[in-house]
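The following paragraphs lead through a single protein model, with attention to its charged pairs and to a few individual positions. Please keep the sequence and the coordinates at hand while reading.

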Amino acid sequence: MTLADVAVGEACTVRRLTGSGQVRRRIMDMGITKGTHVAVRKVAPLGDPVELTVRGYELSIRKDEAARVEVVPA
């Protein structure tokens, strides 16, 4: 399951990041790393971006970025 598949109001834990290069580094720089607890707060009306709570702060990421983050239910 990926972060893009998590429903609003649900939480999960990051299992691993897929992809490589700058996109992966950008996701890691935002605080989304292996073992991090992530909660999905909102999804924009057209489905993109997704608002998350990560490490105590709100973060918005695109659906294509969220699809690169593999998660397990919390």
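With which residue does Glu-51 form a salt bridge? The partner is Arg-41, and the closest N and O atoms of the two residues are 3.2 Å apart. The pair links distant parts of the chain, since Glu-51 belongs to strand S3 (residues 50-54) while Arg-41 belongs to strand S2, 10 residues apart. The model under discussion is a predicted one. Glu-51 counts as buried because its relative accessible area is 18%, and buried means under 20%. Arg-41, by contrast, has 40% relative accessibility and therefore counts as partly exposed.

This pair belongs to a wider set, as the structure holds six salt bridges. Another of them joins Glu-65 to Arg-26, with the closest N and O atoms 2.2 Å apart. Here too distant parts of the chain are linked: Glu-65 is in helix H2 (residues 63-66), Arg-26 is in helix H1, and their positions lie 39 residues apart in the numbering. Glu-65 is buried, at 5% relative accessibility, whereas Arg-26 is partly exposed, with a relative accessible area of 41%.

A further salt bridge is found within one helix. The side chains of Arg-25 and Asp-29 meet at 3.5 Å, N to O. Both residues lie in helix H1, four residues apart, which is about one turn of the helix. Arg-25 is partly exposed at 48% relative accessibility. Asp-29 has 57% and so counts as exposed, the threshold for that class being over 50%. In addition to these pairs, Arg-15, Arg-16 and Glu-70 are linked in a network of salt bridges.

The loop that follows helix H1 offers the next point of interest. Gly-31 is found there, between helix H1 (22-29) and strand S2 (37-43). Is this loop residue buried or exposed? Gly-31 counts as buried because its relative accessibility is 12%. Beyond residues up to four places away in sequence, Gly-31 touches Thr-36, Val-54, Arg-55 and Tyr-57. For one of these residues, Arg-55, the C-alpha atom is separated from that of Gly-31 by 7.2 Å, although the two are 24 residues apart along the chain.

Strand S3, already met through Glu-51, also contains Thr-53. Thr-53 is partly exposed, at 22% relative accessibility. When neighbours within four places in sequence are left aside, the contacts of Thr-53 are His-37, Val-38, Ala-39, Arg-41 and Glu-58. Among them is Arg-41, the residue that forms the salt bridge with Glu-51. Separation in space is illustrated by Thr-53 and Val-23, which are 30 residues apart in sequence and 19 Å apart from C-alpha to C-alpha.

The final position lies towards the beginning of the numbering. Thr-2 is placed in the segment before strand S1 (11-17). Its relative accessibility is 18%, so Thr-2 counts as buried. Which residues does Thr-2 contact, leaving aside neighbours within four places in sequence? They are Ala-66, Ala-67, Val-69, Glu-70 and Val-71. Glu-70, one of these contacts, is also a member of the salt-bridge network with Arg-15 and Arg-16.

Terms used:
Residues are numbered from 1 along each chain as its sequence is written. This is a predicted model: local features need pLDDT of at least 70, side-chain atom pairs count only at pLDDT 80 or more; totals for chains, interfaces and linings use all residues. Side-chain values use heavy atoms; hydrogens and water are left out. Helices (H or I, at least four residues) and strands (E, at least two) are DSSP runs, numbered from the N terminus. Buried means under 20% relative accessible area, exposed over 50%, partly exposed in between (1.4 Å probe, protein chains only). Contact means heavy atoms within 4.5 Å. A salt bridge is a side-chain nitrogen of Lys or Arg within 4 Å of a carboxyl oxygen of Asp or Glu.
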